[in-house]
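Reader: I have a structure open and lots of labels to sort out. Can we go through what they rest on?

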Amino acid sequence: MITSLIGGLQLFDLPMLLTDGVGSPDGALNTMVLYLYNQAFKYNNYGYASAVAYGLFIITVIFSIFVFKGMYGNQNKKEKQV
């Protein structure tokens, strides 16, 4: 479940191939990683792209913590009661 979540957040290749890196029409297929790529290598905003990468990392960690809590949160409560 965690790897599917991370894979979904890092989707890059399909929007890049389908829209030539633009994310058109009107940015509908623009993912966070495609946005990061465009900022870094198309517009040469390396610092901003680095900040976007850190944001993506933080979002991935937060979602992973929620998934871990949802999957294993009840298990820890049962072990403490015994």
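Author: Sure. Let's start in helix α4, where Phe 68 and Tyr 72 are four residues apart, so about one helical turn separates them. Helices here are DSSP runs of H or I with at least four residues, strands are E runs of at least two, and both are numbered from the N terminus. Keep in mind that this is a predicted model: local features need pLDDT of at least 70, side-chain atom pairs count only at pLDDT 80 or more, and totals for chains, interfaces and linings use all residues. Residues are numbered from 1 along each chain as its sequence is written, and side-chain values use heavy atoms, with hydrogens and water left out.

Reader: What makes Phe 68 and Tyr 72 a stacked aromatic pair?

Author: Rings of Phe, Tyr and Trp (its six-membered ring) pair if their centres lie within 6.5 Å; planes under 30 degrees apart are stacked, over 60 edge-to-face, and the rest tilted. A search of the whole structure finds five aromatic pairs. In the pair of Phe 68 and Tyr 72, the centres are 6.1 Å apart and the planes make 25°, so the pair counts as stacked.

Reader: Why is Phe 68 called partly exposed?

Author: Buried means under 20% relative accessible area, exposed means over 50%, and partly exposed is in between (1.4 Å probe, protein chains only). Phe 68 has 44%, so partly exposed fits. Tyr 72, with 38%, is partly exposed too.

Reader: How do you know that Gln 39 is buried?

Author: Its relative accessible area is 11%, so Gln 39 falls under the 20% limit. Gln 39 is found in helix α3 (residues 32–42). Leaving aside neighbours within four places in sequence, Gln 39 is in contact (heavy atoms within 4.5 Å) with Asn 44, Asn 45, Tyr 48 and Ala 49.

Reader: And what makes Lys 42 partly exposed?

Author: Lys 42, also in helix α3, has a relative accessible area of 45%, so it sits between the two limits. Not counting residues up to four places away in sequence, Lys 42 touches Gly 21, Val 22 and Tyr 37. Lys 42 and Gly 21 are 21 residues apart in sequence, and 9.4 Å apart in space, C-alpha to C-alpha.

Reader: Which residues does the ring cluster link?

Author: Ring pairs link Phe 12, Tyr 37, Phe 41 and Tyr 46 into a cluster.
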